[in-house]
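The exercises below are meant to be worked through with the model open, reading each task before its solution.

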Amino acid sequence: MADEWNELRGKLEGLEERPTEALAYVREHAQAGDPNSVLATLDDFAVNHGFLINVGPVKGKILEAEVAAAGAEARILELGCYCAYSAILMAKGLEGSGHLTSIESSEISTSAATGILEVAGLTHRVDVVHGTSSDVIPTLEGSFDFVFLDHWKDLYEPDLRAIESAGLLHEGSVVFADNVGPLFGADQYLGYVRSCGHYENRSLQSTVEYTELEDAVEISTYRGA
Ligand SMILES: C[S@@+](CC[C@H](N)C(=O)[O-])C[C@H]1O[C@@H](n2cnc3c(N)ncnc32)[C@H](O)[C@@H]1O
């Protein structure tokens, strides 16, 4: 486990400026207006230029299938936008009233994500809200069909409780949590979501983005309060 953690930590060095570099790379190499081309370009950057903490193509397939099951007109909430990889993955199949609100605390990432969504042609489907989840969640209105938790792992449990308290879930809403594998210490979140009685849970094994390291996602369907 220590070796695996060191491998991952090494990849995370220099991460602060990466979204800006990724935006420049996408502008240069991706096909404008083609979300799949933007995703492929971000994958290329992550593998060949600098590690990105995107959900990535492997867990991304699981995420895409779960979002599709929520319907093309789903109302989606994301915590942690970063370079908008998962935002593009979730928004590209939306139609009609389908919409994604993505909360991002980093100014650098908010700006890069907005630029990358412009290249993908998806700014009409996605609002990137700059702020911390704890500040923004209480300002949101209505309910969401699908919630993607992918910010800092110690915030999953308090922020899910805040989402519940703000009335942002309805019976059948799906909460998809990335990075609940052994490297990430998501025990507090898993303990809550599996024992509070409000959710039916599925755990799917996978790998950390762009590596063979063990990871998992937790998919929880809200039963109501
Ligand atoms: C793992 S990345 C998100 C990856 C993105 N969902 C994807 O798959 O393409 C985590 C992001 O969460 C953001 N973040 C961390 N804490 C946050 C908070 N409290 N509120 C909003 N964003 C936060 C970080 O700045 C970072 O960009």
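Two residues are taken to be in contact if their C-beta atoms, placed from the backbone, lie within 7 Å. The model is a predicted one, in which local features need pLDDT of at least 70 and side-chain atom pairs count only at pLDDT 80 or more, while totals for chains, interfaces and linings use all residues. Residues are numbered from 1 along each chain as its sequence is written.

**Exercise 1. Find the residues with the most contacts inside the largest nonpolar core, and list what Ile116 touches.**

Begin with the terms: a residue is buried if 20 or more other C-beta atoms lie within 10 Å of its own, exposed if 12 or fewer, and partly exposed in between, with C-beta atoms placed from the backbone. A nonpolar core is then a set of buried Ala, Val, Leu, Ile, Met, Phe, Trp, Tyr and Cys residues joined through C-beta atoms within 7 Å. By this reckoning the largest nonpolar core holds 64 residues, and Ile88 and Ile116 have the most contacts inside it. Once residues up to four places away in sequence are left out, Ile116 touches Leu23, Val26, Val38, Cys83 and Ala84. As a general background, nonpolar side chains tend to be buried together in soluble globular proteins.

**Exercise 2. Check the length of α3 and determine how its buried residues are arranged around the axis.**

Helices (H or I, at least four residues) and strands (E, at least two) are DSSP runs numbered from the N terminus, and the expected span of a helix is 1.5 Å times one less than its number of residues. For the 14 residues of α3 the expected span is 20 Å, which agrees with the 20 Å between its end C-alpha atoms. Next, pick out the buried residues of this helix, which are Pro35, Val38, Leu39, Thr41, Leu42, Phe45 and Ala46. Because they cover an arc of only 160° around the axis, they lie on the same side of α3, the arc being that of the directions from the helix axis to the C-beta atoms. The general background is that an α-helix has 3.6 residues a turn, so residues three or four places apart point the same way. Finally, the buried residues of α3 pack against α2, α5 and α6 (107-120).

**Exercise 3. Which residues of α8 are buried, and what covers them?**

In α8, which runs over residues 156-165, the buried residues are Tyr156, Glu157, Asp159, Leu160 and Ile163. Seen down the axis of α8, these residues fall within an arc of 165°, so they line one face of the helix. Their cover includes β1 (75-79), α7 (133-136), β4 (144-149), β5 (169-177) and α9 (187-195). After α8 comes Gly167, whose phi is positive, near 70°.

**Exercise 4. Describe α4 and the setting of Val67 within it.**

With 15 residues, α4 reaches 20 Å from its first C-alpha to its last, close to the 21 Å expected at 1.5 Å a residue. Its buried residues are Gly56, Lys59, Gly60, Leu63, Val67 and Ala70, and what covers them includes β1, α5, β4, β5, β6 (199-207) and β7 (214-222). Val67, placed in α4 (residues 56-70), counts as buried because it has 26 C-beta neighbours inside 10 Å. Leaving aside its neighbours within four places in sequence, Val67 is in contact with Ala74, Ile76, Met90, Gly93 and Phe146. Just after the helix, Gly71 takes a positive phi of about 105°.

**Exercise 5. Are the loop residues Ile53, Ala32 and His198 buried, exposed or partly exposed?**

Ile53, in the loop between α3 and α4, counts as buried because 22 C-beta neighbours lie inside 10 Å. Apart from neighbours within four places in sequence, its contacts are Leu15, Tyr82 and Glu209; Ile53 and Tyr82 are 29 residues apart in sequence and 7.8 Å apart in space, C-alpha to C-alpha. Ala32, in the loop between α2 (18-29) and α3 (35-48), is exposed, since 12 other C-beta atoms lie within 10 Å. His198, in the loop between α9 and β6, is partly exposed, with 18 other C-beta atoms within 10 Å. Not counting residues up to four places away in sequence, His198 touches Tyr222, Arg223 and Ala225.
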